Amino acid sequence: MWSGRHVVLGVSGGIACYKSCYLARHLTEAGARVDVVLTRSAAEFVRPVTFEALTGRPVMASLWDRDAALSHVRWGQQADVVIVAPATAHLIARMAQGLADDALTSVLLAATAPVLLAPAMNDEMFAHPQTQVNLALLERRGVTVVGPAIGPLAEGPSSRPGRMSEPAAIAAHAARLLRRGSRLEGKRVVVTAGPTREAIDPVRVVTNRSSGKMGYRLAEVAWERGADVQLISGPVMLEPPVGVQVTRIDSTAELEQAVREALPAADILVMAAAPADYRPREFSASKRSRIDGALAIPFEPTADILRATRDARRAESIIVGFALETGDALAKGRQKLERKELDLIVVNDALEPGAGTEVDTNRVAILGRDGSSTIVPLGTKREVAEAILDAVEARLG
Ligand SMILES: Cc1cc2nc3c(=O)[nH]c(=O)nc-3n(C[C@H](O)[C@H](O)[C@H](O)COP(=O)(O)O)c2cc1C
């Protein structure tokens with residue numbers, strides 16, 4: 001996503017400057033060219049050489065730097081996005097007034113690229129009516145404001161906004177800004193992810209090896225493409241993607257209920273969860289004791305969620321299923337696509353190296369109801385998520 005992109009990262013003088021180093025590094029490692037502009041105060045917190053080493057690029061810290069003569073106008077015009085993190089109260093005030101009294105405010109005044117601000121300041125400074133008026137004015141002019149978050153400030157605990165959003169959240173918002181114009185923009189996308197658990201007794205469950213990684217990456221990419229995303233997640237240890245509304249479920253019955261509730265508003269439903277097909281017929285209210293010899297527990301089928309979608313779906317919504325098979329995956333996937341009346345099915349073979357559950361990569365085929373078939377070669381689950389959402393967008397026309 002960031003490969004070949006040009007980011008101008010403005011840094012003004014707040015204690016959160018240290019987090020900008022992580023942001024600069026994160027974007028550089030992701031493949032972006034990152035040009036950093038520091039205010040004089042920012043350079044008191046972190047010296048330009050730190051950003052130069054992190055980005056491998058010269059840093060602009062003054063209008064009177066040797067190379068700043070034209071860069072202070074051009075950078076904001078050549079960039080794909082301008083991010084200011086942290087944006088101090090002072091920087092926000094100067095920007096709202098249209099001042100151009102240093103390198104960063106000059107870049108901002110001349111910028112034609114989309115601008116994203118990540119304010120960071122003492123909570124009283126942020127709540128001050130003048131700061132609020134300044135930010136509202138900038139937002140009306142098209143600036144995107146991310147945060148501030150609620151959390152501990154350098155001076156101590158706080159329960160009000162002031163703390164700068166985390167670098168990963170700022171990068172995700174910048175990615176969403178860059179991807180404006182996608183066909184998923186404004187669409188309601190519901191993604192299911194992870195395993196379900198069927199309880200045997202209060203301490204034991206039957207589950208499967210699904211890690212949730214495929215569904216989480218799908219939710220992340222759909223949000224970046226401008227969608228309004230609900231992620232219905234089974235029990236996994238993954239960090240929720242930025243911007244995504246997460247609904248936690250445990251059993252297949254809970255998953256079915258959540259999908260039924262989400263479907264009427266959904267434009268697109270992507271079912272990457274691995275619900276259990278069977279559950280113990282009886283739940284033992286107390287822990288089963290160990291017995292001598294073999295244990296037999298009768299199982300009964302759980303609800304078929306894909307079938308449930310057939311009743312509750314809107315005719316114009318797009319339903320994407322997954323088929324994880326172990327051998328003969330394409331043929332089985334095509335049958336499931338027809339049987340369950342899906343629009344697309346993503347087929348993968350758990351026996352292929354690098355594909356299926358638990359791993360960070362996948363290799364899939366995307367089959368369409370219209371007979372289309374796209375082979376997505378082995379790639380990260382994020383790359384596969386991009387390919388699946390490309391196929392969804394193609395169906396949106
Ligand atoms: C230790 C220290 C921490 C500061 N942290 C912040 C901050 O988090 N947010 C803020 O708006 N100002 C903060 N300030 C005040 C700014 O540095 C000051 O307003 C400065 O004029 C900002 O200049 P600039 O916006 O051009 O970078 C801090 C000052 C000091 C000395």
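This passage walks through the central sheet of a predicted model and the surroundings of its ligand. Residues are numbered from 1 along each chain as its sequence is written. Because the model is predicted, local features need pLDDT of at least 70 and side-chain atom pairs count only at pLDDT 80 or more, while totals for chains, interfaces and linings use all residues.

The sheet is a good place to start. Five strands (DSSP runs of type E, at least two residues, numbered from the N terminus) form an open sheet in the order E2-E1-E3-E4-E5, with parallel pairing; two strands pair if DSSP finds at least two bridges between them. The edge strands, E2 (33-38) and E5 (144-145), each pair on one side only. Strand E1 (residues 6-11) is joined to E2 by six bridges, and valine 7 stands opposite valine 34 in E2.

Further along, E3 and E4 share four bridges, with valine 82 partnered by valine 115 in E4. Two bridges link E4 to E5, where threonine 144 is the partner of leucine 116. Five of the five residues of E4 are buried (20 or more other C-beta atoms, placed from the backbone, within 10 Å of their own). In a regular strand the side chains alternate between the two faces of the sheet. In E4, Val115, Leu117 and Pro119 lie on one side and Leu116 and Ala118 on the other.

Turning to the ligand, 15 residues surround it (C-beta atom, placed from the backbone, within 6 Å). Ser12, Gly13, Gly14, Thr39 and Thr88 are the closest.

Conventions. Buried ≥ 20, exposed ≤ 12 C-beta atoms within 10 Å, placed from the backbone.
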